[in-house]
Every structure is written in structure tokens, then in C-alpha cells.
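Here are two short exercises to work through with the model open in your viewer. Try each task before you read its solution.

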Amino acid sequence: MKEVMIRPERCMGCRSCEIACAVEHSESKDLFSAIGESPVPCKRIYVEYIPDLAVAIPITCRHCEDAPCTTVCPTKALSRDEVSRRVIHSPELCIGCWTCSMVCNYGVIGRQKEARVAMKCDLCPDREIPACVEACPTRALVYAEVKDFSGIKRSQAALKLAKGMQTGSIP
Amino acid sequence: MPEHPVNEGSLCPKGNTTLEVLNHPDRLKFPLRKTENGWERIEWEAALDLAAAKMKGSLEKSGPDSLAFLGSAKCSNEENYIFQKIARLLGTNNVDNCARLCHASTLTGLGKTLGTGAMTNPISDLASSECIFVIGSNFAENHPPVSRQVLRAKEKGAFVIVADPRITPTSWLADLALRLKPGTDIALLNGMMHVIVSEGLWDRRFVRERTRGFSELEQNLQRYDPETVSRITGIPSADIIKAARAYARAGTAAIVYSMGITQHSSGTDNVTACADLALICGHIGEKGTGILPLRGQNNVQGACDMGALAEFYPGYGKVGDPEAAGRLQTLWRTDELSEHPGKTATEMVEAAGKGKIKTLYVIGEDPVNSHPDSSQVKKALENLDFLIVQDIFMTDTAEYADLILPAAAFAEKEGSFTSTERRVQWVEPALLPPGEARADLEILFGLAEKLGLDFPCRGAGEVLEEISVAVPAYGGMEKERMKKGFGLVWPCPGPAHPGTPILHTESFKTPDGFARIIPVEHRSPAETPGPEYPFLLTTGRTVLHYNAGSMSRRSKSLLKKEPELYVEINPADARTMEIRDGNKLFLETRRGKTEATARLTERVGQGVLFMPFHFPGTNALTAGSLDREAKIPEFKVSACRIRRY
Amino acid sequence: MPEAVYADLSRCIACHACELACERENESAKIFVQVVRGLAAVPVSCRQCETPLCAAVCPGEALNYRDSRLEYDAEKCTGCRLCVLACPFGTAELRAGVVERCDLCQGKEIPACVATCPSGALFCAEAENLGEDIRTRRAERIKKALGNPEPAGRRVNR
């Protein structure tokens, strides 16, 4: 499965992903009409700004292979979709006990105020590429398979190494 | 109180059930005398007269050293001070407290290396450590609020190493857990130092400028290469190297230890090895950097500071040192202080067994359950001419008493208490003592009067004034100052001094200001498992009970959760012996036998048994072999055999 | 805003202080520390669900979810134990004929279990803010992993 991978060194904290996420999960899917909507559309990706280090890092559901949230959910509202391998949430089963939120290692399970249920990244089922990835101006977010993502990193590392060889800094 | 710097408002289970204990119907309410028809209630006057008469009798007949005084680390500084003053004015140094059973080796071990046998840093300092090395301490169960600071450090990225033979909740917090064989602590510490020295990770400047004796240590360490140490301790050599590197490389590193280090026949050496490790890495005297022996009782530090010890006067003046004795003689306006060190708590029992001690005065202690080898203790107590027990409950020791004096508990009296981090705090009474029970200080003054001793001071506040003269480190301790804020941390030599949370920042308390690095050798425990007694029995605490249990075993909610004596055994051992969880087991050592319920758990390794010492029975098994210097018994290792009931 | 007692499971040291504090304040404990195979511990207490199953099954309307909180009317409780069956966490208990459940120590600033927790594992939070703290810590760790090639705190030997 493809996932939203993060390249924190590229994030400049513009929060475009957050806005795109909220708009995508609105009724109208349009920024200007979404603002006035009720219930207010909510984001599922969070840009964390760390003042001490002056950096921002987008954090979103990792769709863990052995997801703690699906293990603890008493009503199976959170489960793994066998086809798409995504961790999906069924609001109609959710009882709002927030055990999932307590055990989530990333703190990315939010609360839908009006329905009083959990709310998390669904990787935008209506779209080919999730809204956040598309909105990211610096490509800090990448929608890719884990092995492809590693591939990108490998080729970057190889490039660096090659440059080093050219300048002779590596014997 | 959420703003308190130590616990921040949190309480452990024992703290939560204090009221159950204090308001318990079993509280002693009247002085009792043992007669042929059982206990008889008597008046206070008569009780004090009787006690004084018996003490005077022994004094006249068999000399001052036939008297012995066993003080309490749960009593205030003032009470301990007056207690030892009575003993010493009667001409004996036979005065001791339960520190002998928990941290006597800290006094000797840290005393000879650093100069002061106390925690070097406050507990809250742990939060700023980059590496925390915990050895022989299960603070998560025994000092739960400490874990708050350790977790805070971990959140900042600290590396936590826990060395313990068992897997405990403390090891859950560890980044690296070292499961060593009981009694091999010196080998591990020397092994770590070997790695640090051979990899050049030691702090050359600190060793050069502030210590003496490094070259001897270097020589001694050669034999302790990681492979050898791994064979002795059972820890993989890679883990020893990893631990050594993490500790030595950290910018700020703390060693936390407790009774897993001290309660051995090599207790003093164990502590010395801990000090050596800290000294060669220069990990002493800064924030978050030091050695933290965690004490077990509310005032065990204070009781030692007050000189309720056989070999120390108040303020750690050595008995026999004419200068220290001279100072006290002027203060107490007397010229007869005994120059011979007295008998320690463990030696008192032995002497009583031999009939050398006639009258024993015990305050707030339960030697029957807390001393090793209970059957010998019972025999010794029976052998006494007269036993006075002053306590809040009818303990197993009190059953042997001839006279029982009911005392007030900590919340029912005023006085100062010195916590493990040297913080001296003033306590005001919150409750009234039950029945006719009196504050220990009041009883002691009453007794002193009957004994014909002329004490000039009366209230706890006035005693504190005398303490501030007798103990230099308490020079600036005033009742009003302590009541503001959260007490004062000694050394606080003058009224304007703010207290000293971190020790040894500039120089050490040794005569020349240099710390001593003293090489120590690994020795096997006094008793090792053999064919006859194949298991190694170690003892310790659980989270739900407190020491000998005379208090916590009276809380029904604690008892509901932990009702009886149990023994932890590894499932693999249990399988070969066909033992199931909950079976009654019969345990036997060379000294005694007891019964306990089996608890199968991976927390103990194979060949090791663990028993808590909160219930009568455990110490029927333990050995009385003592450390040479500190005279602390080896509670942590005995050879044992078991069979199913 | 609905609040509940949550636990940072990596911090729980199985000391049972919360149980005893609860017992002291509320006569019987409504939080339970479960030790799992001697290797970890989990405090379990009422999760203050927002669509509570206990209220859904209650036939006598003794349990009612109103104004973002679960209300309990002991007089209407018949002691039929349906709520005990329905609760997925086993935290509704029947004692003395009526159901006892955690009311977050009404009238107190913070629940007794949270106030007493020595390791700071228990905390009171609103569901919406629950993830915030975890996210910040996670972000810091990712940044550290990327940003510092030297191990933290490495000391230059003098």
C-alpha cells in the first residue's frame, strides 16, 4: 500500500496540508464554502512546530502494520481493511471511549465534535493522491510505497556519495 | 501538596492508606506491664518509675554496657537526639538504629571515599541527568515518586540502566536492563570501570585535581575484563561495555542504589565500588550528577545525623575521638562519656543472647521480624532481664517485652524529620494520639527525669536549638525557617545559610579535601548455593507493604491486595519440582524454616527465589553474616531449599 | 467538554497507588491496575465513553448521557447488571445492589487517582487534546533522529 511519507527536512511549516485535509473532508470540498459549513470541517494531519529546535514536522496516521488502535478498540470501529491494508474507522461503531487515542504512538486520532466519535486519516479514498500530499509546496509529503520511498532515499544517498567521490573528499 | 519539590503531591500506596493505620483499633493506648496473668494496664508514672528502676538496677549491678538502646528511624531528629543523649549520659554507646540494617554500609563506604555518607544530590536532580545507572534499587516499588523524576529525564532523552537480579517495574523503565547474579555487584562495577579505563573514557582532569588513589585502582581493574566479569555476573559482555560507555560518556550521570548494594557481607565494598565508578568519570558535584543512595524510612538519615549510632556521636564525630567527645562533654556539661564504640543493632542481639545485655530499650523497631535469623533474635529477647518496647502497635517484638509504652505516631507530634535527600522538614501535629499514648519526646523526658538526668530543655523546638549546636551541619536549622517553604537541606551551618542541595561541588569532606579512590575485590557471598541448599534466596520489598509490616499489615486495603507471605520462583524451576502457582511451599535454610505461597514468575531467574520481608517468616531464613566494617547483615543472599507442602 | 482519566502506559509502574487513593475517597476502588505477565501494567478505569453502551442498554434510565456527560441516578437503578454486561472495559461494577462507576471525583479539582499517581502516568484530559502531547513528543524524536549525528550528551574528554 501507498502511504504518506514525510521528509521533515523539507517542511517549512506552512500548514497547507492541514487546510487541504480539512477541505477535502468537508461537504462541499471547496475552501470558501467549507469555512461556513456546519459541522466545521476538521483536519486529520497535524503540523507540529518545535520552538526549541525551530522546526516543523507534519505528523499523520502511519497506518501501522500492527496498529495499537485496532487492537484496543472494543467495538471494532477501528480495523484494518483487508484489501487496501489501510487502518479505517467506522464512525457508526465508535462509542467515543478514546482508548485508541490513548495508545496511539503518534497522537493522530482526533475527535469529531458534533458526532462525538474518533476521526483519523483515511488517505482520501475519493482521490488518487491524498489532498495533503498534493497541497504540499515543498514536497515534504510524498505518497509512496515504503520500498519506493526507501529507493528515493537510496538514490539520493548514492548521489551524495558520487559527488563526494568527484571532489575527492572520500578516498 | 502539588508544589512540593519531592513528590509534587503524589503518594505511594502506603501513603494513601496512612489514615487506616493511624486510626487502627489495634493502636496501643495505655502503658502495659507483663504479669503472670498477661498484660496489665498501669499508669504512666508507674511505668516510667519501673523502666527507670530496672535500668538503674542493671546499671548498678552490671555496669553501663549492660544497657542497650535501639532507636527508631521513624522518630524525629529531636527524639533520636535525646534518646542517644540518655544512653550516652548513662555511660554507654550501646545505641543504634535500623540504619544498621539498611544503609550502614553507605556511611562507611561513602564516608571513606567522599567524606559524607549521604545522598549527594536531591531527588529532583535526576530529571536533569543524561544517564541514570540504577543498581540494586527497585525504586519504582519502594520509592514510587522517584520514578517521576526518572521518567522526566527519560523524556529528555536520558539513558537508564538498571542492574537487578529480578525483572522489576524499575527495569520496565530501563533502556538497558542488566540481570546479574545476586552478590556479584562488585564484579559488574569493576568490569564497567575496566572498560572505562581501557577505552580512555575516564575524566583525567577530575581524577588529577580532586582524587587520590587512581593508579592502585587501575592495577586492580586489570583482572576484570568484560569476559571474566560476564562469567561471574551472568551478564553478556556486550551489555557491560554498553553500560560502561553510556555512563562514562554522559554529560551528567547519576548512580542510584539501595539495599541491593548495601545488604551484603561486602556492603561497604559494594558502596565503595559505586563511589569509585562515579569518581573516575568525574560524575560528582554537579546538578544531575552524583550518587544517590535511596533511604528506606522517613528519618533514617536524621537518626544517623543525630548520632543514634554505636560508633558516631551527633554530627558523625567518631566515638573515641577525644576532640568530638570533648565538644559534647562541654555541651552536655558532663565529664563521663564512654570512649568505647558501643554494640551495633545486630551485635546487641548477639550480646543479649550471651547475657551481656540485661536491659534493652526498643523504640519503634521490630527486631523479631526485621533482624536476620529470627529464631536467634527471639532467644536473645527471652534472655533479657528487662525489655522495654515503645511503639504504636503490639509488634512481634512487643510480645516479648516486660513493659510497653504507647507512643504517638508521626502525625500526632511535632518535630523535624530529615528525608533521604538531607531535607530537614518540620512536622506539626495533625491528629491527637489515641488513648493515653504520648509523643516519644515526652516519654523520653519523663524517663530522663526518673533516671535523675538533668535536661535543661523541654519542647521539640528547644531540643532543635541544642541540636544546631551539637551537629554543625544543622547550625542554621530553626523551626520558623523550616516551616517556611519546604524545609532546609543540610549542611546548613548558619542562620543565613540557604542550605546545600548538592554536595562536593568544590571539595570533598575528607580531611585534605580529596576524594579517595579505593580498589575493591569481588568476593563471593558468605553463603552460596550447593547440593544441599540448591536455591539462592534473596529478599526485598514489594510496593504494597512497608518494612517489617507492623504498620502496613494493619491496613485492610493493603492486606486485601497482598495478604500473605509468598515466594517468587522461576516457572522452569517450578516445573522440574512440580510446583504450581499458589502451592504452599516449605522453605528451609541452615537457620530456620518457613512456609510461603509459590508465585511463578519470570521476574526471578532460574535458581533464584525472592521473598518480601514484610511478613513474619522471611527473616527466619536469612543469614546473620555481617559486613566487616558496617556490621550490616547479608539479607540479600542465603542458600535455601524448598519442598512442596 | 467531556473529560476522562487517561494513562501513559509507558509510565505505569504498577504501584497500585491509584486504586488505594480511589478506595480512600470513594469507599471502593473504581480504577484497576492490571499487571500483564509481570512485564507491564495497565490502569483500567471508566473511559467516560461519548456513546456509552452502559447507558444504551439501561432499561430503567438510571444511566443517561446528557450534556456531554454520563449521569447516574441510583434511585432508578434496579441492579439488573445489564450495564455490567455491556461495558467493554469491565469497569461498571455492581456493589450493594447499585452500579458504581467512576464519576471523576465530582467536586474535586482533579480526581484522586490522578493527584496521587507517583510516576505521573495518569492524567486528566479532554479527548480533543489527548493526541497533542504525544504528537509533540513524537515530532521531537523524529527531529532528533534526523538532526543530530552525534549522540546526545557526548562529552569531550578533558
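**Exercise 1: the contact between chains C and B**

Chain C and chain B bury about 2700 Å² between them, with 49% of that on carbon and sulfur atoms. Keep in mind that this is a predicted model.

*Task.* Work out which residues and elements build the contact, beginning with how many residues chain C and chain B each put in.

*Solution.*

1. Start with the head count: chain B brings 40 residues to the contact and chain C brings 32 residues.
2. Now look for charge pairs. There are 3 salt bridges between chain C and chain B. One of them joins the side chains of Lys561(B) and Glu19(C), at 2.7 Å from N to O.
3. Widen the search to polar contacts, and you get 9 residue pairs between chain C and chain B, both partners at pLDDT 80 or more.
4. Next, map the chain C side onto its elements. Helix 1 (17–26), strand 3 (40–45), helix 4 (112–116) and helix 5 (130–147) each give at least two residues. Helix 1 of chain C has the largest share, 6 residues.
5. Finally, sort the chain C side by type: 15 nonpolar, 8 polar and 9 charged.

**Exercise 2: a helix in chain B**

*Task.* Which residues of helix 19 (residues 345–353) of chain B are buried, and what do they pack against?

*Solution.*

1. Pick out the buried residues: Ala345(B), Thr346(B), Met348(B), Val349(B), Ala351(B) and Ala352(B).
2. Trace their neighbours in chain B: strand 3 (67–70), strand 4 (95–96), helix 5 (99–102), strand 11 (359–363) and helix 21 (374–383).
3. Then check what comes after helix 19 of chain B: Gly355(B) follows, with a positive phi near 85 degrees.

Technical notes. Residues numbered from 1 in each chain as written. Chains lettered and ligands numbered in written order. Predicted model: local features only at pLDDT ≥ 70, side-chain atom pairs only at ≥ 80, totals over all residues. Heavy atoms only, no water. Contact = heavy atoms within 4.5 Å. Buried area = accessible area lost by both parts, 1.4 Å probe. Salt bridge = Lys/Arg side-chain N within 4 Å of Asp/Glu carboxyl O. Polar contact = N/O pair within 3.5 Å; in protein donor to acceptor, adjacent residues only side chain to side chain. Helix = DSSP H or I, 4+ residues; strand = E, 2+ residues; numbered from the N terminus. Nonpolar A, V, L, I, M, F, W, Y, C, P; charged D, E, K, R; others polar. Buried < 20%, exposed > 50% of the residue type's maximum accessible area, 1.4 Å probe, protein only.
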